[in-house]
Structures are given as C-alpha cells and as structure tokens.
Amino acid sequence: MNKTALFAVRKNEPCPQCGAELVIRSGKHGAFLGCSAYPECDYIRPLKNQADGHIVKILEGQFCPVCQAELALRQGRYGMFIGCSRYPDCTHTELIDKPDETTLACPQCEKGKLVQRRSRYGKTFHACDRYPDCQFAVNFTPVEGECEFCHFPLLIEKKTARGVRRFCASKACGKPVTAGNSIEE
C-alpha cells in the first residue's frame, strides 16, 4: 500500500485526467490534491493555502493608489500586510508598520535614506529605501561618522564582549574605530 495513501483525505472530486477520485495529500511543500490512482495517473494540483494573502478585513475609506479599489488587511506567508482588494488584477501592497527612516544618507548611492527593515526570519537590519536600485544593507545599527582608516562615511554599532563598539560599515574594511569608541550601554 502507498504510504501517502495512509494520510490521504478524500475530496469527492473526480480527476480531470482519468476520472478517479482526488484526495488531499501532504508533501514537503505543503498540502496538494492528487489522483487516488497514483502512480498510474500523475495528476496533482496545489491547494489554495490559507496563508496565501487571504483577506482578513476590508479597510473602508482607504483606497488603492493604483486602481482606486478598497484596500484590505491580508494575511500572507510572512504575516499581516495591506493589499488591494482586487488582487490578482492589482498587486499593490503596503506594509502595516512603516519602517523607521533614519536621517542617515545611504553611503553607496548617496540619494536614498537608510530605513529599518525586517527579514523573513524576523531579524532587523538597515537598508537603502531605494531598493532594488541600491542594494546597500547593514545588519547592525548605523551611526554617523567616518572610518579613520578607509574614510567610509558610515559606522555601525556592535555589541561585543567589551560592550557596544563602533566599526566601519564598509564590508571591505570593517575595522573597529578607535576614536570615540567607548560607548555606554
């Protein structure tokens, strides 16, 4: 007997290829619909995942700047976000929490500002607000200052065994800055 059949749930829907019954199965990428006559029939279809941007609440009085439809609070695979209610026809999305913008200019493109972002793993980092045109990013808190070795116009603060210390934000340099490096926690 097929191991996947032990965990299959009947769907009461015929297979479009062979007419056998479709069953819900679980795979390494999540649940899917598959033919119960597998391996003779190889028909599969992904299930619509609940964390695939489904609407939680319509935000009345707030409209999409692209198509003027109402905006909706949605639940996606990386958490809550605001998106157009006409998705997939309109793909406009917004963050619920706008990132904290610093007054520091991006040292790479010199046009954008550094903003706080959150990775898909929940880690905080700072990146240029002109992404993807500028891909500058640092994993530590950026501070104003210039590296005394390479003269890069940005420093970062790291927690070390000696306390919080400042380092050059350039990946090529990365040296600790000695002038004014005794920071109180």
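# A tour from strand 10 outward

Select L114 first: across from L114, in strand 11, stands C128. The model on the screen is a predicted one.

**The hairpin.** Now extend the selection to residues 113-118, which are strand 10, and residues 124-128, which are strand 11. These two strands run antiparallel and are joined by five bridges. Together strand 10 and strand 11 make a hairpin, and five residues separate them. Pick G122 in that turn; its phi is positive, at about 90 degrees.

**The next strand over.** Keep strand 11 selected and add residues 137-138, which form strand 12. Strand 11 and strand 12 are also paired in the antiparallel sense, here over two bridges. To see one of the paired positions, select A127 and A137: A137 in strand 12 is the bridge partner of A127.

**The cysteines.** Return to C128 and show cysteine sulfur atoms. How many disulfides does the protein have? The count is zero. For C109, the nearest cysteine sulfur belongs to C128 and is 3.7 Å away, and C109 is in no disulfide. The cut-off for a disulfide is a pair of cysteine sulfur atoms within 2.5 Å. C109 has a relative accessible area of 18%, so it counts as buried.

Next select C134 and C106. Why is there no bond between C134 and C106? The sulfur of C106 is the closest cysteine sulfur to that of C134, but the distance is 3.5 Å, which is too far for a bond. C134 is buried as well, with 2% relative accessibility.

**A patch on the surface.** Switch to a surface display and select V56, M80 and I96. These residues make a nonpolar surface patch of about 240 Å². Then show the backbone around I96, which sits in the loop between strand 8 (93-94) and strand 9 (101-105). Is I96 buried or partly exposed? Its relative accessibility is 39%, so I96 counts as partly exposed.

**The whole chain.** Finally, clear the selection and color by secondary structure. The protein contains one helix and 15 strands. Of its 185 residues, 28% are buried. The exposed area of the protein is about 13000 Å², and 50% of that area comes from carbon and sulfur atoms. Among the contacts with a separation of 6 or more, 16% are between residues 24 or more positions apart.

Notes: Residues numbered from 1 in each chain as written. Predicted model: local features only at pLDDT ≥ 70, side-chain atom pairs only at ≥ 80, totals over all residues. Heavy atoms only, no water. Helix = DSSP H or I, 4+ residues; strand = E, 2+ residues; numbered from the N terminus. Buried < 20%, exposed > 50% of the residue type's maximum accessible area, 1.4 Å probe, protein only. Contact = heavy atoms within 4.5 Å. Areas by Shrake-Rupley, 256 points an atom, 1.4 Å probe, with all protein chains shown as cover. Patch = residues over 30% accessible without salt bridge, like charges linked within 9 Å, V, L, I, M, F, W, Y side chains within 5 Å. Salt bridge = Lys/Arg side-chain N within 4 Å of Asp/Glu carboxyl O. Pairing = 2+ DSSP bridges.
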